[in-house]
Amino acid sequence: MAGIDDHAPPPFFKRGPAPLALLTFYLAVSLALFVVDLRMKSLDLLRQTVALVVDPVQRAAQTPGSLVDHARVYLRGLQQMREDNTRLQQAQLQMAPNLQRLDHLAAENERLRRLLAVKEREKARGQVAQIMYTARDPFSRRIVIDKGQQAGIVAGQPAIDEVGVVGQVTRVFPFSAEITLITDKDQAVPVQIVRNGQRSVVFGLGDGHLELRYIPANADVQVGDLLVTSGLDGIFLPGFPVAKVSEVKRDSAFAFARITAVPLAGVENFAEVMILDPRQEQPPPPPEPPSRHNDTGATKKHGHKK
C-alpha cells in the first residue's frame, strides 16, 4: 500500500487548477509575449513561419470564390463586348454612306484643285462641268456634260482634266453638251513631241488608244515620248499633255512608221472636266507673194502693150 501511494499524483494535478487561475495565467503569459514582441520584435520569425504555412491554405480556401468572381466578370465583359460590337456595327452601317460621300467629296475636291492648277499653269480660262452619261452609240467615244448653251458652251471648245486633253465639244444643247473624246475615230489633235519638237497629228482608234500618223519611218520617235498639243489647229492651247508613245513599229515597205500612243487623261474614268474658253481669233495669215509665172506673164503683157 505504501508503494502504491508513493506513485499517486499530487492533489493539485488530481483536482486540476481552478478556471480563474488558468485564465489569469494565460493572460499573464499573453501580456508577457505581447510586451516582449513589442519591445524586442522576437516573434517576427514565428509570425512569418506561421504565415508561410497558412498562406497556401488560405489561397486554396479562397480559390472557389475567386473562380466564381472571375467567371462572373468574364461573362459580364463578354456580354458588354458583344453589345459594344453590335452597337459599333450598327453605327458603322449608319455612317458608311456619309463616309463614302466624304471620300468621294475629298477626291472630287482634289480633282477640282488639280483642274484649277492646270487652268492657272496653262493660262487658260474655262468652267468645270460634270459628266452625266456616255453617248448611246457603242461605236463612238462621246460623253455628255451638264452644261450647254445656258452656260455659254459652244461647239469646238476643248475639254481637259487634271492630267491632259480629254476631247472637244462637238454638239451643244440648251442644258447639256456632247464631247467627243480624243480616242474617237473621228477625232484628231495636232501634237508635238516634247523631246525633239517633231510635229504630227494624233488620231483616235476607237478602242481607247491613239495613233500618231504621218511620221516618217526614220523619224526620231521612241517609246515613252510625251505628246503635247502644238496649238497649230487654233483650238487647243499649246503645251497640254495628250498622250505617251507606247509602241513604235517601222517597216521599210511603208513610208510612215506605225506609232501607237496611250492617252494621259482619264478619258474613260473621270467625273468632271474643264471646258476651256475658245481661243482668241488668230490674225489672218499674210497674203501669198505672187508667183514668178504670174510676174513673167504680166511683164510680157505690159511689153506687148508698149
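A salt bridge is a side-chain nitrogen of Lys or Arg within 4 Å of a carboxyl oxygen of Asp or Glu. The exercises below apply this definition and others to a predicted model.

**Exercise 1. Decide why R142 and E178 count as a salt bridge, and locate the two residues in the chain.**

Solution.
Step 1. The N to O distance between the side chains of R142 and E178 is 3.5 Å.
Step 2. The cut-off is 4 Å for a nitrogen of Lys or Arg and a carboxyl oxygen of Asp or Glu, so the pair qualifies.
Step 3. R142 belongs to strand β2 (residues 142-145) and E178 to strand β5 (residues 177-181); the pair, 36 residues apart, thus links distant parts of the chain.
Step 4. E178 has a relative accessibility of 7% and is buried, because the limit for a buried residue is under 20%.
Step 5. The pair also takes part in a network of salt bridges that links R142, R171 and E178.

**Exercise 2. Explain how R87 and D84 are placed relative to each other in helix α4, and state whether they are buried or exposed.**

Solution.
Step 1. A salt bridge connects R87 and D84, with 2.7 Å between the closest N and O atoms.
Step 2. Both residues lie in helix α4 (residues 44-121); because they are three residues apart, about one helical turn separates them.
Step 3. The relative accessible area is 46% for R87 and 27% for D84. Partly exposed residues lie between the limits of 20% and 50%, so R87 is partly exposed and D84 is partly exposed.

**Exercise 3. Describe the salt bridge of K249 and E247, and classify the accessibility of each residue.**

Solution.
Step 1. The closest N and O atoms of K249 and E247 are 3.4 Å apart.
Step 2. K249, with a relative accessible area of 48%, is partly exposed.
Step 3. E247 is likewise partly exposed, at 35%.
Step 4. In total, the count of salt bridges in the model is nine.

**Exercise 4. Trace how strands β3, β4 and β5 are connected.**

Solution.
Step 1. Strand β3 (residues 158-160) and strand β4 (residues 165-172) run antiparallel and are joined by three bridges.
Step 2. Across this pairing, I160 stands opposite V165 in β4.
Step 3. The two strands form a hairpin, with four residues between β3 and β4.
Step 4. Strand β4 also pairs with β5, in the antiparallel sense and over five bridges.
Step 5. Here V169 has I179 of β5 as its bridge partner.
Step 6. Strands β4 and β5 form a hairpin as well, again with four residues between them.

**Exercise 5. Characterise the surroundings of D225.**

Solution.
Step 1. D225 is located in the loop between β8 (210-213) and β9 (226-229).
Step 2. With a relative accessible area of 5%, D225 is buried.
Step 3. Leaving aside residues up to four places away in sequence, D225 touches I193, R195, D220, A243, K244 and V245.
Step 4. With one of these, R195, the side chain of D225 makes a polar contact of 2.8 Å.

**Exercise 6. Summarise the whole protein and identify a nonpolar patch on its surface.**

Solution.
Step 1. The protein contains five helices and twelve strands.
Step 2. Of its 306 residues, 26% are buried.
Step 3. Among contacts with a separation of 6 or more, 57% are between residues 24 or more positions apart.
Step 4. The accessible surface is about 21,600 Å², and carbon and sulfur atoms account for 60% of this area.
Step 5. L22, F25, Y26, V29 and L33 make a nonpolar surface patch of about 470 Å². One of these residues, F25, is found in helix α3 (residues 19-40).

How values were computed. Residues numbered from 1 in each chain as written. Predicted model: local features only at pLDDT ≥ 70, side-chain atom pairs only at ≥ 80, totals over all residues. Heavy atoms only, no water. Buried < 20%, exposed > 50% of the residue type's maximum accessible area, 1.4 Å probe, protein only. Contact = heavy atoms within 4.5 Å. Areas by Shrake-Rupley, 256 points an atom, 1.4 Å probe, with all protein chains shown as cover. Patch = residues over 30% accessible without salt bridge, like charges linked within 9 Å, V, L, I, M, F, W, Y side chains within 5 Å. Polar contact = N/O pair within 3.5 Å; in protein donor to acceptor, adjacent residues only side chain to side chain. Pairing = 2+ DSSP bridges.
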